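Colleague: I should like to understand how the terms used for a protein model are justified. May I ask about them one at a time?

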Amino acid sequence: MKRFSRDQIAARVAKDIPEGAYVNLGIGLPTMVANHLPKEREIFLHSENGLLGMGPAPAPGEEDEDLINAGKQPVTLLTGGAYFHHADSFAMMRGGHLDICVLGAFQVSAKGDLANWHTGAPDAIPAVGGAMDLAVGAKQVFVMMEHQTKAGESKIVAACTYPLTGIGCVNRIFTDLAVIDVTPQGLLVREIIDELPFEDLQRITGVPLTLARL
């Protein structure tokens, strides 16, 4: 079974971002989505540190140390892009002005609860950032993550055991094995990677799944 690479997950997320959308890409894995957005599609990327109209990563040697995203990675700014105060950026997030946010996660529950800022371990460094604001402020929340932990446990769970970021906020989950919608009727599998039967995905995930009719 060949799982999706991180770049392939990012490309799959980018495919579902529509023309004209205002989108925030969370720190870590989600930032890779910027490099896979279709060039013919106009999409406005927002960064919580005060950018709108963010472009892909710059070519090596062309980095501007004053132009970074919320994860302190060098980025570019598209024509018409804007800088603004951190407080204004959070007002956009909290005011419902973002169509989509893409976040990483430690766990997502079957009901769409999100845990992505702290594992609860005594030595873990809390890193909530703007995730809570995005989780409740964006019109849609996409989660991008690997399906299992390094220990082989499913990150999609019946109930989160880590501290919550948001309750019932996740709309769609993109993993290295599948694309899954969170619906009022439960978890609906939209796509599965080649060579992985639905029954095996169900066994790996451990919470009830329904296969969408194609």
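**Reasoning from values to terms**

Modeller: Let us begin with A178, which has a relative accessible area of 5% and is buried. This is a predicted model.

Colleague: Why is A178 called buried?

Modeller: The term buried requires a relative accessible area under 20%. A178 has 5%, so the term applies. This residue belongs to strand β11, residues 178-183. Between the C-alpha atoms of A178 and I17 there are 17 Å in space, and the two residues are 161 apart in sequence.

Colleague: What makes F106 and Y162 an aromatic pair, and why is the pair called edge-to-face?

Modeller: Two rings pair if their centres lie within 6.5 Å, and planes over 60 degrees apart count as edge-to-face. For F106 and Y162 the centres are 6.1 Å apart and the planes make an angle of 85°. Both conditions are met, so the pair is edge-to-face. The count of aromatic pairs by this rule is three.

Colleague: Why may one say that the pair of F106 and Y162 ties together parts that are apart in sequence?

Modeller: F106 is in the loop between β5 (100-103) and β6 (107-109), whereas Y162 is in the loop between β9 (156-157) and β10 (172-174). The pair therefore ties together parts that are 56 residues apart in sequence.

Colleague: Which term describes the accessibility of F106, and which that of Y162?

Modeller: Buried is under 20% and exposed is over 50%, with partly exposed in between. F106 has a relative accessibility of 33%, so F106 counts as partly exposed. Y162 has 27%, so Y162 also counts as partly exposed.

Colleague: How many disulfides does the structure hold, and how do you know that C101 is in no disulfide?

Modeller: The structure holds zero disulfides. A disulfide needs two cysteine sulfur atoms within 2.5 Å. The nearest cysteine sulfur to that of C101 belongs to C169 and is 7.6 Å away, so C101 is in no disulfide. For C160, the nearest cysteine sulfur is again that of C169, at 9.0 Å, so C160 is in no disulfide either.

Colleague: Are C101 and C160 buried or exposed?

Modeller: C101 has a relative accessible area of 0% and is buried. C160, at 18% relative accessibility, also counts as buried, because the value is under 20%.

Colleague: What makes one side of helix α4 the buried side?

Modeller: Helix α4 spans residues 198-205, and F198, L201, I204 and T205 are buried there. These residues cover an arc of only 120° around the axis, which means that they are on the same side of α4. E199 and R203, on the other side of α4, are exposed. There is a general reason to look for such patterns: an α-helix has 3.6 residues a turn, so residues three or four places apart point the same way.

Colleague: How do you know that L201 is buried?

Modeller: L201 has a relative accessibility of 0%, which is under 20%, so L201 counts as buried. L201 and H147 are 54 residues apart in sequence, and their C-alpha atoms are 9.8 Å apart in space.

Colleague: What is notable about the phi of K72 and that of E195?

Modeller: K72 has a phi near 65°, a positive value in a residue other than glycine. E195, which is not a glycine, has a positive phi of about 75°. K72 lies in the loop between β3 and β4, and E195 lies in the loop between β12 (186-192) and α4.

Colleague: Why are K72 and E195 called exposed?

Modeller: The term exposed requires a value over 50%. K72 has a relative accessible area of 67%, so K72 is exposed. E195 has 70% relative accessibility, so the term applies to E195 as well.

Colleague: What is the volume of the largest pocket, and which residues are the closest to its centre?

Modeller: The volume is about 720 Å³. The largest pocket is lined by 33 residues, of which G104, A105, F106, N116 and W117 are the closest to its centre. By class, its lining has 16 nonpolar, 11 polar and six charged residues.

Conventions:
Residues are numbered from 1 along each chain as its sequence is written. This is a predicted model: local features need pLDDT of at least 70, side-chain atom pairs count only at pLDDT 80 or more; totals for chains, interfaces and linings use all residues. Side-chain values use heavy atoms; hydrogens and water are left out. Rings of Phe, Tyr and Trp (its six-membered ring) pair if their centres lie within 6.5 Å; planes under 30 degrees apart count as stacked, over 60 as edge-to-face and the rest as tilted. Helices (H or I, at least four residues) and strands (E, at least two) are DSSP runs, numbered from the N terminus. Buried means under 20% relative accessible area, exposed over 50%, partly exposed in between (1.4 Å probe, protein chains only). On a 1 Å grid over the protein atoms alone, a cavity is a set of points where a 1.4 Å probe fits but cannot get out, and a pocket is an open set with protein on both sides within 12 Å along at least five of seven lines; lining residues have an atom within 4 Å of a point. Grid points are joined across faces, edges and corners, and a volume is the space filled by probe spheres set on the points. Ala, Val, Leu, Ile, Met, Phe, Trp, Tyr, Cys and Pro count as nonpolar, Asp, Glu, Lys and Arg as charged, and the others, Gly among them, as polar. The arc is that of the directions from the helix axis to the C-beta atoms.
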